[in-house]
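Let's take a quick tour of a protein model, one topic at a time. Keep the picture open while you read.

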Amino acid sequence: ILDPEKTKSRSVSTLERSDSLGEIQRVNQYKIVLQLGAGAYGKVMLAEHVDTKKKYAIKIISRAVLMKRRKKPSVMRRPGAPPPVSPAEDLNDPLNMLKREIAILKKLHHKHV
């Protein structure tokens with residue numbers, strides 16, 4: 001949820017799941033209405049603020065999937081090959097890509113973001 005006032009102070013979300021299917025019904029003060037799309041790491045959901053009834057798009061990322069797709073440095077290297085890049089320095093690492101996306105979105109000031 002990209003509300004600059006709320007993202008600065010809150011980094012952990014509270015999820016409420018339905019009993020039967022295990023699908024997410026609430027994220028903090030937002031009620032999940034429907035799924036808008038899905039990608040490699042998670043889903044984009046249409047959500048409605050419980051008090052104001054204003055609608056938002058929420059991206060829900062699966063931490064487990066994200067961590068599984070992280071590259072592990074190779075122990076074996078060819079002679080003369082450059083040293084492996086650590087996951088913290090790898091620009092194509094899924095966790096770094098997510099952090100970069102969050103940083104960019106926090107800088108945007110647009111009525112539709």
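How many bridges pair S4 and strand S5, and in which sense do they run? S4 and S5 (residues 55-61) pair over seven bridges, in the antiparallel sense. Before going on, note that this is a predicted model, where local features need pLDDT of at least 70, side-chain atom pairs count only at pLDDT 80 or more, and totals for chains, interfaces and linings use all residues. Residues are numbered from 1 along each chain as its sequence is written, and side-chain values use heavy atoms, with hydrogens and water left out.

**Strands and hairpins**
- Strands here are DSSP runs (E, at least two residues), numbered from the N terminus, and two strands pair if DSSP finds at least two bridges between them.
- Strand S3 (residues 30-38) runs antiparallel to S4 (residues 42-49), and seven bridges join them.
- Across that pairing, Gln-35 sits opposite Met-45 in S4, and a hairpin of three residues links S3 to S4.
- On the pairing with S5, Ala-47 faces Tyr-56.
- The S4 and S5 hairpin has five residues between the strands, and there Lys-53 takes a positive phi near 65°.

**The nonpolar core**
- A nonpolar core is a set of buried Ala, Val, Leu, Ile, Met, Phe, Trp, Tyr and Cys residues joined through side-chain atoms within 4.5 Å; buried means under 20% relative accessible area, exposed over 50%, and partly exposed in between (1.4 Å probe, protein chains only).
- The largest such core has eight residues: Ile-24, Val-27, Tyr-30, Ile-32, Met-45, Ala-47, Ile-58 and Ile-60.
- Strand S2 (24-27), S3, S4 and S5 each chip in at least two residues of this core.
- Take Ile-32: leaving out residues up to four places away in sequence, its contacts (heavy atoms within 4.5 Å) include Ile-24, Val-27, Met-45, Ala-47 and Ile-58.

**Tyr-41, in the loop**
- Tyr-41 belongs to the loop between S3 and S4.
- Is Tyr-41 buried or exposed? Neither: Tyr-41 counts as partly exposed, because its relative accessible area is 27%.
- Setting aside neighbours within four places in sequence, Tyr-41 is in contact with several residues, among them Ile-60, Ser-62, Leu-66 and Pro-94.
- Met-67 is 26 residues from Tyr-41 along the chain, and their C-alpha atoms are 9.7 Å apart.

**Leu-36, on a strand**
- Leu-36 lies in strand S3.
- Leu-36 counts as exposed because its relative accessible area is 51%.

Conventions
Helix = DSSP H or I, 4+ residues; strand = E, 2+ residues; numbered from the N terminus.
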